[in-house]
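Could you walk me through this structure in the viewer, one selection at a time? I would like to know what to click on next and what is there.

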Amino acid sequence: MIIPLYNTEKYIGACLASVLSQTHRNLDVIVVDDGSTDGGAAIAEGIADERVRVDRGPNQGVSAARNRGLDLAEGEIVAFLDADDLWYPNKLSEQISVLQSDAGVVAVGAVFQYLSGNGRRFGRAGEGARDAASHERLKRGQLMPFPLSSLIARTDAVRDAGGFDESVPPVADLDLVARLALTGSVATVMRPLGAYRVHSSAMSARQPAEMMMLARFVEKRATARLEGRPAPDLESFVSSYQLTKAQRRRDGAARRFRDAGLLVMEGRYVRATALCAVALAARPSYILRRIAMRLPARRTPSAVAHSGT
């Protein structure tokens, strides 16, 4: 498994503890330090467990760090985890069981709970994509059904897909899953198997406009690839990028809903409610669907949703 590390000494200890507490014990943990200036790499190196190794290098960005880990990985299955996120003990065992039970599945994600900076859990992220329409959206780069920190996949499939595109770091997960969906099914374990930390320093919170632009580029490129047309290059896409009035309205609603979520995590409910109401008025169906996704997940004996080819 691969953990990119950059200046997250506050969280890396808990992150690694959650990995080493997995009921699935056969692990090779690769911590790729991306030129950190804090003590996070030293904390990882101080873990007295032979399964953990740290690879130090210059700062090249999170996608480059993940690709470096992918180069070093030796197992048939690879997993990804951000250094400020957590796994629950049965996470790997449940997902590996799904992957090994169906040769047509190339990747498995899971529902994750949101986690505030002070450790408070609230809501969830993750959805199934078992129907044909959702699988089509995956291939077209229109859907990222679960957090990247929940993803496990067949190592050869990730390598054959080209790994992470280092030119689009905020949405490299969306791009990778689109390419994986071309080769097989993508499954989601529909119960919480980890926690995804949400804070104001996250890239999606700091650069929402750039993230939305790059997501549209990934979608346009994936659709062109799927339909056998020449794919656009990033430079020409950015130079000609203009939003319609409807897109600005949709982006504004999404940004307000995301900001409302951050306020909820901080316990600022009045302001969060006001922002959510504005977002709901602009995009009711989208906001209601996102609210439903944040409700507690139902625990069922069999809770795996697949996307099919």
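## A tour by selection

Start by selecting arginine 140 and glutamate 136: their side chains are joined by a polar contact of 2.8 Å. This is a predicted model, so keep confidence colouring within reach as you go.

Stay with arginine 140 and add glutamate 227, whose side chain makes a polar contact of 2.9 Å with the arginine 140 side chain. Zoom out a little and you will find arginine 140 in the loop between α5 (132–139) and β8 (152–154). Is arginine 140 buried or exposed? Its relative accessibility is 18%, so arginine 140 counts as buried.

Now show what surrounds arginine 140. Beyond its neighbours within four places in sequence, arginine 140 is in contact with Val218, Glu219, Ala222, Thr223, Leu226 and Glu227. Pick out leucine 226 among them: 86 residues separate leucine 226 from arginine 140 along the chain, yet their C-alpha atoms are 7.1 Å apart.

Next, move to another arginine. Select arginine 197, which lies in strand β9 (residues 185–197). Which side chain of opposite charge is nearest to arginine 197? That is aspartate 84, 5.0 Å away; arginine 197 is buried but has no salt bridge. Turn on backbone atoms too: the backbone oxygen of aspartate 84 lies 2.6 Å from a polar atom of the arginine 197 side chain.

From here, go to the nonpolar interior. The largest nonpolar core has 30 residues, and those touching the most other members are Met1, Ile3, Val19, Val29, Val31, Trp87 and Val108. Colour the elements that give this core two or more residues: β1 (2–5), α1 (9–20), β2 (29–34), α2 (40–45), α4 (91–101), β6 (105–115) and β9. The largest share, five residues, comes from α1.

Select valine 108 for a closer look. Leaving out its neighbours within four places in sequence, valine 108 is in contact with Gln95, Val98, Leu99, Phe146, Ser150, Leu151, Ile152, Ala187 and Val189. One of these contacts, Phe146, belongs to a second, separate core of 27 residues, which also includes Ile30, Val106 and Val186.

Finally, colour by confidence. The chain averages a pLDDT of 89, and 91% of the residues score at least 70. Then select residues 298–302, where the pLDDT is below 50; this stretch has three contacts in the model beyond near neighbours in sequence. Where pLDDT is low, the predicted coordinates should not be read in detail.

Conventions
Residues are numbered from 1 along each chain as its sequence is written. This is a predicted model: local features need pLDDT of at least 70, side-chain atom pairs count only at pLDDT 80 or more; totals for chains, interfaces and linings use all residues. Side-chain values use heavy atoms; hydrogens and water are left out. Helices (H or I, at least four residues) and strands (E, at least two) are DSSP runs, numbered from the N terminus. Buried means under 20% relative accessible area, exposed over 50%, partly exposed in between (1.4 Å probe, protein chains only). Lys and Arg count as positive and Asp and Glu as negative; His and the chain ends are not counted. A salt bridge is a side-chain nitrogen of Lys or Arg within 4 Å of a carboxyl oxygen of Asp or Glu. A polar contact is a pair of N or O atoms within 3.5 Å; within protein, one must be able to donate a hydrogen and the other to accept it, and residues adjacent in sequence count only if both atoms are side-chain atoms. pLDDT is the predictor's confidence in each residue, from 0 to 100. Contact means heavy atoms within 4.5 Å. A nonpolar core is a set of buried Ala, Val, Leu, Ile, Met, Phe, Trp, Tyr and Cys residues joined through side-chain atoms within 4.5 Å.
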